[in-house]
Amino acid sequence: MLRVFNTLSKQKEEFVPVVPGHVGIYVCGPTVYDYPHMGHAKPYIAFDVIVRYLRYLGYTVRYVQNITDVGHLTDDADEGEDKIEKRAAIQRVQPMELAEFFIAEHFWALDALGCVRPNLSPRASAHIPEIIQMCQILIEKGHAYEADGSVYFDVSSFPAYGKLSGRRPEDQEAGVRVEVAPGKRDPADFALWKKAEPGHILRWPSPWGEGYPGWHIECSVMSMKYLGETFDIHGGGVEHVFPHHENEIAQSEAATGKPFVKYWLHNGMITVDGVKMSKSLGNFITIRDAVKKYPPQLLRFYIASQHYRSSTNFSDDLLDDSRRALDRLTSAVWALDKAIAEPGPEDSSASSDIADAAEAAKQRFIAAMDDDFNTPGAVAALFELASAVNRFTSGTASLGKEGLRKARAVFDELGGILGITWPEPPSPKDETGGLAPKLIQLLIDVRQEARNRRDWATADSIRNRLRELGILLEDQIHGGTTWRIAEPVSRTLDMQT
């Protein structure tokens, strides 16, 4: 029985979908004005694992992750510039040109981190008619009003406002979190539609004049269009609980008169030295840069090993620990592959024992995942299986192939839920006739020539490309460069480009 922690009720609840056998899940996607960074990797991977597990349980899942290509203002509320327009002006390109570029970067990052792409990735700019229609419904029902070409949601008309975050409208001070715009009745009221001022490029005709949608209403419109007026799971970062998700609930339930979402799931943040990773603080690393420094599968394993609701600190030391942990699991898989390939009986008493250990690990893995997607507990079950495999394969008992294959299949099955694939073991011999070491030395010499002429970009590129192939270069303090084969994870994983 799967139980999930619902931010709305502040407790774990049994998961019962709206439609038996089907799950609709909506996760807030990127505002496409810059490169995705490792802070974005947390929700990418966390909800990818959640979706994978729901499908593993047999549910038909429709996974929707939006793309915000208009309406997200620089102060995350109702004032400031549109983030995309602002960046486009700096880059001297059209806003949609900028959006297209970073949409491609978003999908590249998903692929690089081994995430299954969502079933639908709707864009806000493609849903303007539906957004205008929802604004009209809210005005007709007395939940919204027009002021100087903009439309605002009247928070006082929705008594349940604050039920997700616990924050009440009276907690806000005018001019602090939300500036009081002309015609706005209350500082807590939020924009559904914004008047386009002169020079604003992203604009559409509406009953209230030319304008553009507010950030919050975009997600309400797109989620309900593709998942229904009441759907199962709405996910996103914990930083979106207020005001974004609180406002989504208010406007959606005011418009339909129905519960909006059954289960609200929120992931924790990526931190650096305990501080949220963000562009404004300058403490971020883009996903493109991260996969040059670390194998993508290592990044995925590290994040997937942390509980989705917890904060995840990002550091070289912690990633090195995770590398060693993933290598231990990989080594156990390789030990199984070797034992399966060796001569031996199809069945034996030891075969039954290792099959039992594999089944026990599988049940512990499932029990952990059923407890609010407890991936740390699930990974612990994989390590228990790895320990059992090492114990059996290092012994003298004749191992039956049936049990070995069972254990190997369990590694594949459970690794697939986490999105982890097990690489092939390295070739036991050099099949190039000794040419490979000479080619590596040739690249080291080319790199040194680049360093001598201070061509650091070429030198770094050679080092990084060799690292992707599993070859680590080590510059010696007294001059010269040596190389060595990396640990199993580094040796076998390719960066997706």
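I'll start with a pair on two helices: Glu413 and Lys362 form a salt bridge through their side chains, at 3.1 Å from N to O. Glu413 sits in helix H12 (residues 401-418) and Lys362 in helix H10 (residues 349-370), so this contact ties together parts that are 51 residues apart in sequence. On accessibility, Lys362 counts as buried, at 15% relative accessibility, while Glu413 is partly exposed, with a relative accessible area of 28%. Keep in mind that this is a predicted model.

Searching the whole structure gives 23 salt bridges. I'll go through a few others.

Next, the loops. Glu229 is paired with Lys258, and their closest N and O atoms are 2.6 Å apart. This pair also links distant parts of the chain, 29 residues apart. Glu229 is in the loop between helix H5 (215-227) and strand E9 (231-237), and Lys258 is in the loop between helix H6 (241-256) and strand E10 (261-267). Both ends have some access to solvent by the numbers: Glu229 is partly exposed at a relative accessible area of 36%, and Lys258 is partly exposed at 40%.

Now a pair inside one helix. Lys292 forms a salt bridge with Asp289, with the closest N and O atoms 4.0 Å apart. What separates Lys292 and Asp289 within helix H7? About one helical turn, because they are three residues apart in that helix, which covers residues 287-293. Lys292 is partly exposed, at 39% relative accessibility, and Asp289 is partly exposed too, with a relative accessible area of 39%.

Last item, a network. Salt bridges link Asp48, Arg52 and Arg300.

Note on methods. Residues numbered from 1 in each chain as written. Predicted model: local features only at pLDDT ≥ 70, side-chain atom pairs only at ≥ 80, totals over all residues. Heavy atoms only, no water. Helix = DSSP H or I, 4+ residues; strand = E, 2+ residues; numbered from the N terminus. Buried < 20%, exposed > 50% of the residue type's maximum accessible area, 1.4 Å probe, protein only.
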